[in-house]
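This report describes one protein chain, starting from a single residue and widening to the whole. The sequence and the structure come first.

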Amino acid sequence: GLKRTLLAAKSIVYTDPKVGGISGTLFEGVISHLGIAGEIHKKSKLVTGVLTAQFVVKGEADLAVQLAGQILAVPGAQFVPMPPQFQTSVVFSGAISARAKEPAAAKALLEYLTGPAAAQVIKARGFESG
């Protein structure tokens, strides 16, 4: 299972949870829950502001952990979802400020992003629309 896979990996790269990266924070929770945080920390590289799967594609790490869309954005990377009990949904929201200079344009953008045309692109990038 997941625990065995993580322990077998020689190196793992993920977003540094100290910088507020949601994927790194969630992964810390997973390895803590599995009771293997100490072992994983010893062989992990924490990064910020990069697509972690790049390290796997270049042969610099065995595993990369990040949001699905960020893994899928790296050509040559193979995406494998976390087991269902460790999956977490991250909700992205949009709103129009009461002080927006272009409220009609902002409304049009939100309507487009929540419409059927954008749904196909969103899904193709590893996200769900709803």
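Q87 sits in the loop between α5 (68-72) and α6. The model is a predicted one. With a relative accessibility of 47%, Q87 counts as partly exposed. Leaving aside residues up to four places away in sequence, Q87 touches P81 and M82. A further residue can be placed relative to this loop position: the C-alpha atom of V30 is 9.5 Å from that of Q87, although the two are 57 residues apart along the chain.

**The chain as a whole**

The protein chain contains 7 helices and 3 strands. Their order along the sequence is α-β-α-α-β-α-β-α-α-α. Measured out along the principal axes, the C-alpha atoms fill a box of roughly 50 × 30 × 25 Å. Of the 130 residues in the chain, 27% are buried. The accessible surface comes to about 8800 Å², and carbon and sulfur atoms account for 57% of that surface.

Contacts across the sequence can also be described. Among contacts between residues at least 6 apart in sequence, 56% join residues at least 24 apart.

**Charges and the salt bridge**

The chain carries 13 positive and 8 negative charges, and the mean positions of these two groups are 2 Å apart. Side chains of opposite charge can pair when their charged atoms come close. How many salt bridges does a search of the whole structure find? The search finds 1. In this salt bridge the side chains of E111 and K107 meet, with 3.6 Å from N to O. Both residues belong to helix α6 (residues 103-113), where they are 4 residues apart, about one turn of the helix. E111 counts as partly exposed because its relative accessibility is 47%. K107 is likewise partly exposed, at 46% relative accessibility.

D16 is a charged residue without such a partner. D16 lies in the loop between β1 and α2. This residue is buried yet has no salt bridge, and the nearest side chain of opposite charge, K18, is 5.2 Å away. The cut-off for a salt bridge is 4 Å from a side-chain nitrogen of Lys or Arg to a carboxyl oxygen of Asp or Glu, so the distance to K18 does not qualify. Not counting residues up to four places away in sequence, D16 touches G21, L46 and V47.

**The aromatic pair**

A pair of aromatic rings is described by the distance of the centres and the angle of the planes. The count for this structure comes to 1 aromatic pair. Y14 and F27 form this pair, which is edge-to-face, with 4.7 Å centre to centre and 65 degrees between the planes. Y14 lies in strand β1 (residues 12-15) and F27 in helix α2 (residues 22-34), so the pair ties together parts that are 13 residues apart in sequence. Are the two residues buried or exposed? Both Y14 and F27 are buried.

**A glycine in helix α2**

Helix α2 also holds G24. G24 is buried, because its relative accessible area is 0%. Apart from residues up to four places away in sequence, G24 touches Y14, T15 and P17. Y14 is thus a contact of G24 as well as a member of the aromatic pair. The C-alpha atoms of G24 and L67 are separated by 9.3 Å, with their positions 43 residues apart along the chain.

The relative accessibility values given above are collected here.

| Residue | Relative accessibility | Class |
|---|---|---|
| E111 | 47% | partly exposed |
| K107 | 46% | partly exposed |
| Q87 | 47% | partly exposed |
| G24 | 0% | buried |

Notes:
Residues are numbered from 1 along each chain as its sequence is written. This is a predicted model: local features need pLDDT of at least 70, side-chain atom pairs count only at pLDDT 80 or more; totals for chains, interfaces and linings use all residues. Side-chain values use heavy atoms; hydrogens and water are left out. Helices (H or I, at least four residues) and strands (E, at least two) are DSSP runs, numbered from the N terminus. Buried means under 20% relative accessible area, exposed over 50%, partly exposed in between (1.4 Å probe, protein chains only). Rings of Phe, Tyr and Trp (its six-membered ring) pair if their centres lie within 6.5 Å; planes under 30 degrees apart count as stacked, over 60 as edge-to-face and the rest as tilted. Contact means heavy atoms within 4.5 Å. Accessible areas come from the Shrake-Rupley method with a 1.4 Å probe; for residues, only the protein chains shown count as cover. Lys and Arg count as positive and Asp and Glu as negative; His and the chain ends are not counted. The place of a charge is taken as NZ of Lys, CZ of Arg, CG of Asp or CD of Glu.
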